[in-house]
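Open the model in your viewer and switch to a cartoon view. Keep the selection panel at hand, and follow the stops in order.

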Amino acid sequence: MKIVRFIDLFAGIGGIRRGFELACAEHGLSAKCVLTSEIKPCAVDVLHQNHPNDVINGDIKQIQTADIPDFDYLLAGFPCQAFSAAGKRRGFEDVRGTLFFEVARILKDKQPNGFILENVEGLVNHDKQNSSDPIGRTLQVILNTLDDLGYKVSWRVLNAANFGVPQDRKRIYIVGARKQFPNLANFEETHSILADVLEHDKPVSSSNFVRLLLKHYSVAELVGKSIKDKRGGADNIHSWDIAYKGEISLNEKALLNEMLKQRRKKKWAVEYGIDWMDGMPLTINQICTFYQNPSLQKMLDNLVKLGYLKLEHPKKKVGNKRVQDETLPVGYNIVSGKMSFEVNKILDPNGIAPTLVAMDMQHLFVPDGDGIRTLTLREGLRLFGYSDDVKFNVTTQEGYDLLGNTVVVNVIKAVADRMLIAEGV
């Protein structure tokens, strides 16, 4: 069996490596990792758990090219930073000072057959000079650099939901080969639902917030619902619907629901003489134009006291920030944002998960029997295409953090297959 050697940079928990190895196996190749670089301690720990015989190197910036063994393919989920000289077409010089430079440096010095790079979808439009430009200057500099290094480069934004994983996760994949441009179009789509990866009879949450939810709604009624106070709609539950900050009257609920819609209208910004923002504080006189009740002031006072509303001035732009303009009259505004509650959304087992990111995974719940709970780490791994033999002995918080920054194995496998075909392997 032919051996292909690869290096894995910014390795995380080894998702790109795993997808590449699976693709190689289907091509009758034996993939051998000759260098891994990762600096996050808990990620390094997971790499050791799954590859106990490998030496995990630290910061790639501290590794000289001469110390890297020869290899055939480079894999990297490199972090994206702004390029200070983006778009000036100075080739290799444009990327100095960025982590992508480490990728380019190694490609330039070692001249491997190909590479797979993965990054967030936002890289496509990062640092756009004109809104009509097809891509931003950052991506253009990256592509120019890779082209200058002699590679035939293809790139595409792909959604993991089309590769058999029940997660809506779009990422850009940049793939290069020496012989032909890798074809990143017309992948055969496969789909799955959340129920395909869920475990059962796991411990459910018994927190005060969850008890309040289940006091007012059945598990079946909660499925697919979001809990946030700054948006409305049939699929949304508000804190006042579950008396989270105290019981209120039906009239007070009606007032809050109406304010939720009205506060987003641009006419209030015109009245204030400021730039519109999504959610304006409204004075009692403004509220009277759409809600009439002889006890309105009493209702507003009670909602402020309980914490469903707050008194604040409208905000004006100061540089890149918005600050309260104390020259404008104080008004009433909804308090909590979408990430303010323990539960942000109860996922529908018959649907797919949203894009999983580290900071909000702990707020996503799933139904399990007569209760609801957060995703288990095993479920999290499955949502990224990892098989159940992968070891992942970390704390839940560490696991969520690592998963939110990992790659989808299924997509990497498909992309790697196209790179290998382009190289005629």
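**Stop 1: a hairpin**

Select E15 and E16, which form a hairpin with two residues between them. Glycine 369 sits in the turn, with a positive phi of about 65 degrees. Bear in mind that this is a predicted model.

Now look along the ladder. E15 (364-368) and E16 (371-374) are antiparallel, joined by four bridges. Valine 366 stands opposite arginine 373 of E16.

Next, add strand E14, residues 345-346. E14 runs parallel to E15, with two bridges between them. Pick lysine 345: its bridge partner in E15 is leucine 364.

Show the side chains of E15. Are they buried on one face or both? Both faces are covered. Leu364, Val366 and Asp368 lie on one side, Phe365 and Pro367 on the other, and all are buried. In a regular strand, side chains alternate between the two faces of the sheet.

**Stop 2: helix H5**

Select H5, residues 208-216. Color Phe209, Val210, Leu212 and Leu213, which are buried. These residues lie on the same side of H5, because they span an arc of only 155 degrees around the axis.

What do the buried residues of H5 pack against? Their partners are helix H6 (219-222) and strands E8 (226-227), E9 (236-237), E15 and E16. The hairpin from the previous stop is thus back in view, as E15 and E16.

**Stop 3: the seven-stranded sheet**

Move to the open sheet, whose seven strands follow the order E3-E2-E1-E4-E5-E7-E6. Its pairing is mixed. The edge strands are E3 (56-57) and E6 (152-159), each paired on one side only.

Zoom in on E6 and its neighbor E7, residues 170-177. Eight bridges link them in the antiparallel sense. Click leucine 158: its bridge partner in E7 is arginine 171.

**Stop 4: helices H3 and H4**

Select H3, residues 99-110. H3 lies across E1 (2-9), E4 (73-76) and E5 (114-120). Its direction is at about 175 degrees to E4.

Add H4, residues 137-148. The axes of H3 and H4 come within 10 Å and cross at roughly 10 degrees. This angle makes the two helices roughly parallel.

Which residues make the contact? H3 supplies Phe100, Ala104 and Leu107, while H4 supplies Ile142, Thr145 and Leu146. Color them by class: five are nonpolar, one is polar and none is charged.

How values were computed:
Residues numbered from 1 in each chain as written. Predicted model: local features only at pLDDT ≥ 70, side-chain atom pairs only at ≥ 80, totals over all residues. Heavy atoms only, no water. Buried < 20%, exposed > 50% of the residue type's maximum accessible area, 1.4 Å probe, protein only. Arc of directions from axis to C-beta. Contact = heavy atoms within 4.5 Å. Pairing = 2+ DSSP bridges. Axes fitted to C-alpha atoms, helices over the stretch in contact; angles between N-to-C directions. Parallel < 35°, antiparallel > 145°, perpendicular 65-115°, else oblique. Nonpolar A, V, L, I, M, F, W, Y, C, P; charged D, E, K, R; others polar.
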